[in-house]
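User: I'd like to learn how the words used for a protein model are earned. Can we go through it term by term?

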Amino acid sequence: MLSVIDLRGRIPSVSELRRALPRGGTDIDSVLPVVQPVVAAVIDRGAAAALEYGEQFDRVRPDSVRVPAAVIEQALAELDPNVRAALEESIRRVRRVHAAQKPQEHTTELAPGGTVTERFLPVSRVGLYVPGGNAVYPSSVIMNVVPAQEAGVESLVVASPPQAGFGGWPHPTILAACAILGVTEIWAVGGAQAVALLAYGDEEHSENLVPVDMITGPGNIYVTAAKRLCRGIVGIDAEAGPTEIAILADASADPIHIAYDLISQAEHDVMAASVLVTDSPVLAEAVDREVAARYSVTRNAERVKEALTGPQSGIVLVDDLEAGIRVVDEYAAEHLEIHTVNPRQVAERIRNAGAIFVGTFAPVPLGDYSAGSNHVLPTSGSARYSSGLSTNTFLRSVHLIDYDEAALKELADTVVAFADAEDLPAHGEAIRARFETLEA
């Protein structure tokens, strides 16, 4: 069922690996002509345009952009107690991890009277996008809201598409998750129009829709294209591609566990990537056999089949574990599972992955919901140079440079020499003027 790429018997270069490894992808440029008019209309007409596009795309128009407090309270009151308990436990674990991430202000004394203090200040207002397509994602509420709260963000708005089946409001489980987290401002807007409205706002609207400074959260290709168009007006977390899992396994691995992990990732989206890297042909054959036998049991079987048989998924055969580590490092998966002898030792050798799941009892679904880690992670190989969402995403580093007269005078010749070397004499004169009388 899964295609096979055989890299045995040779040591492929980085260039070869980048061309050979299965990789999903989205052509964001291809949808920009569709998204640009939406963003332009929202810039021009604000909430009215956003609601019109929502009605066109989602076939529903909410009574207001802001979800009324009574609707949010009702969603929480009607939430299944088991789901509420699961949300609260996941929030507790995610909060513990993200609270520990916040850096501390520190001061470096470079000379008597000369210091640089690094402060970490939260973004003032953040828009958190929660999709509402193939599935319901209260987990995305947690993964975006908790790190923003731990960073100290004071103003949060969650945007999620209106649902015709729920009175034109976002899914009630999304609303309930927001209520548990204390988020009271929720906009019933989805898609590219939501991103544009978050970025530009509409303070003249009767609901006083204040724009945000940063937008985070996953979404489809249209949401991603809108984030690209609005980047610069606001900060964004990333341009997320299709979700992906890579599994590095040796002959000791359980093929049934691996099969289910590949299937579970594939049910996200038809473009989801599921990749096994192994030095065991026997394991590869067993995994392929188990996948074929088990994928049809899931309710999302057709979606899973399309994802698993697509060019973005497959099995990569390598000579040994060393070669496997090299392959997964170059692949730089959003999620990487390690199913080998001594999995922790192997995991600590990996440099490039959004998150690494160590051993049999740390599958990706654990991280999706309740491990405590964040599930908003770099995709499409971007884990080679970027990180997942964290408390630090919502913080800005600001330096306070505090030099007194003696400290500046001690360094004056150094600064003037730099200014002369760069042919920027006024820079040097700005220093000298503090200690010399310069002619006009």
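Analyst: Sure, and we'll start with naming: helices (H or I, at least four residues) and strands (E, at least two) are DSSP runs, numbered from the N terminus. Keep in mind that this is a predicted model, where local features need pLDDT of at least 70 and side-chain atom pairs count only at pLDDT 80 or more, while totals for chains, interfaces and linings use all residues. Residues are numbered from 1 along each chain as its sequence is written, and side-chain values use heavy atoms, with hydrogens and water left out.

User: Where does that put His-268?

Analyst: His-268 sits in the loop between helix H10 (255-266) and strand E10 (273-278). Overall, the protein has 17 helices and 14 strands.

User: Why does His-268 count as partly exposed?

Analyst: Compare its value with the cut-offs: buried means under 20% relative accessible area, exposed means over 50%, and partly exposed is in between (1.4 Å probe, protein chains only). His-268 has 25% relative accessibility, so it counts as partly exposed. Glu-422, in the loop between helix H16 (405-421) and helix H17 (425-432), has 53%, so it counts as exposed. Across the protein, buried residues make up 49% of the 440 residues.

User: What does UniProt say about His-268 and Glu-422?

Analyst: Both are in the "binding site" annotation of an unreviewed UniProt entry, along with Thr-243, Gln-265, His-335, Asp-368 and His-427. These residues span 185 residues in sequence and their farthest two C-alpha atoms are 56.2 Å apart, so they do not all gather at one spot. A caution: UniProt positions are given in the numbering used here, feature names are shortened, and annotations may be inferred rather than shown by experiment.

User: Which residues get the "active site" feature?

Analyst: The unreviewed UniProt entry places it at Glu-334 and His-335. Glu-334 is in the loop between helix H13 (321-331) and strand E12 (335-339).

User: What makes Glu-334 buried or exposed?

Analyst: Its relative accessibility is 6%, so Glu-334 counts as buried. Contact means heavy atoms within 4.5 Å, and leaving out residues up to four places away in sequence, Glu-334 touches ten neighbours, including Thr-243, Gln-265 and His-375. Ser-139 in helix H6 (residues 138-151) is buried because its accessibility is 8%. With neighbours within four places set aside, Ser-139 is in contact with Asp-368, Tyr-369 and His-375.

User: What is unusual to look at in Ala-332?

Analyst: Ala-332 has a positive phi of about 55° although it is not a glycine. Ala-332 lies in the loop between H13 and E12, and at 0% relative accessibility it counts as buried. Ser-380 also has a positive phi, near 60°, and is not a glycine either, but its relative accessible area of 38% makes Ser-380 partly exposed.

User: How do you know what counts as a cavity or a pocket?

Analyst: Rolling a probe the size of a water molecule over the atoms shows where empty space is left. On a 1 Å grid over the protein atoms alone, a cavity is a set of points where a 1.4 Å probe fits but cannot get out, and a pocket is an open set with protein on both sides within 12 Å along at least five of seven lines; lining residues have an atom within 4 Å of a point. Grid points are joined across faces, edges and corners, and a volume is the space filled by probe spheres set on the points. By this rule there is one cavity of 30 Å³ or more, and the largest cavity has a volume of about 40 Å³.

User: Which element gives the largest share of the lining of the largest cavity?

Analyst: Helix H3 (residues 47-58) does, with four residues. For the classes, Ala, Val, Leu, Ile, Met, Phe, Trp, Tyr, Cys and Pro count as nonpolar, Asp, Glu, Lys and Arg as charged, and the others, Gly among them, as polar. That makes the lining of the largest cavity seven nonpolar, two polar and one charged residues.

User: How much space lies in the second largest pocket?

Analyst: About 230 Å³. Of its 14 lining residues, those closest to the centre are Gln-101, Gly-354, Ser-373, Asn-374 and Leu-377. By class, the lining of the second largest pocket has six nonpolar, eight polar and no charged residues.
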